[in-house]
Amino acid sequence: MTADSLLLERAGLPDDLRWLAEKYPREVWQCHANIHGIATMWLQRHDMFRELGGMLTNGIGDYREGRLTAPEFAGWFAPRLNHFLGHLDGHHNVEDVHYFPRPG
């Protein structure tokens with residue numbers, strides 16, 4: 001494994017990915033001829049994870065600021081966290097096996 005592949009140790013995207021990000025910026029993805037079917041589904045999944053992550057963060061803030069009691073927070077937070085983590089694990093398993101398998 002190279003230093004470029006270690007997420008916490010790299011300063012940015014590796015050169016090949018930076019080149020792609022500059023050539024195809026996110027703002028133009030929806031207009032691209034290849035953005036249909038499975039690509040759209042994966043973009044929607046990533047948006048869902050961002051949305052759920054934001055909801056969880058807001059819920060933590062509501063509890064911390066006293067807008068939710070401990071039982072209210074637990075009842076609201078636990079199922080959403082389980083949903084988030086379960087789908088995130090499944091999503092990363094698909095990526096690891098089908099899209100970004102490790103060589104060897």
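**Close-up views of a three-helix chain**

**View 1. The whole chain, its helices and its extent.** The chain holds three helices and zero strands, and, when the sequence is read from start to end, these elements follow the pattern α-α-α. The radius of gyration of the chain is 18 Å, well over the 13 Å that the globule rule gives for 104 residues, so the chain is more spread out than a compact globule. This is a predicted model, and in it the C-alpha atoms of the chain fill a box of roughly 50 × 35 × 25 Å when the box is taken along the principal axes. Of the 104 residues, 13% count as buried. Among the contacts in the chain with a separation of 6 or more, 47% are accounted for by residues 24 or more positions apart.

**View 2. The crossing of helix 2 and helix 3.** Two packed helices are described by the angle between their axes and by the distance between those axes. Here helix 2 covers residues 38-64 and helix 3 covers residues 70-99, and their axes come within 10 Å and cross at roughly 150 degrees. Because angles over 145 degrees count as roughly antiparallel, that crossing makes helix 2 roughly antiparallel to helix 3. The crossing in which helix 2 passes helix 3 is left-handed, and the residues of the contact between these helices divide into 18 nonpolar, six polar and three charged.

**View 3. The surroundings of His 91.** His 91 is found in helix 3 and is buried, with a relative accessible area of 5%. Once its neighbours within four places in sequence are left aside, the residues in contact with His 91 are Trp 42, His 46 and Phe 49. Helix 2, which spans residues 38-64, therefore supplies these partners of His 91.

**View 4. The surroundings of Gly 59.** Gly 59 has its place in helix 2, where, at 4% relative accessibility, this glycine counts as buried. Not counting residues up to four places away in sequence, Gly 59 touches Leu 68, Phe 73 and Trp 76. For one of these partners a separation can also be given, since the C-alpha atoms of Gly 59 and Trp 76, which lie 17 residues apart along the chain, are separated by 8.1 Å.

**View 5. The surroundings of Phe 73.** Phe 73, which is in contact with Gly 59, has its own place in helix 3, and at 14% relative accessibility Phe 73 counts as buried. With neighbours within four places in sequence left aside, the residues in contact with Phe 73 are Gly 59, Ile 60, Tyr 63, Leu 68 and Ala 78. A further pair can be followed outward from this view, namely Phe 73 and Cys 31, which are 42 residues apart along the chain and whose C-alpha atoms are separated by 41 Å.

Definitions and conventions: Residues numbered from 1 in each chain as written. Predicted model: local features only at pLDDT ≥ 70, side-chain atom pairs only at ≥ 80, totals over all residues. Heavy atoms only, no water. Axes fitted to C-alpha atoms, helices over the stretch in contact; angles between N-to-C directions. Helix = DSSP H or I, 4+ residues; strand = E, 2+ residues; numbered from the N terminus. Parallel < 35°, antiparallel > 145°, perpendicular 65-115°, else oblique. Left-handed = near helix turned anticlockwise from the far one by under 90°. Nonpolar A, V, L, I, M, F, W, Y, C, P; charged D, E, K, R; others polar. Buried < 20%, exposed > 50% of the residue type's maximum accessible area, 1.4 Å probe, protein only. Contact = heavy atoms within 4.5 Å. Rg over C-alpha atoms; globule rule 2.2 N^0.38 Å.
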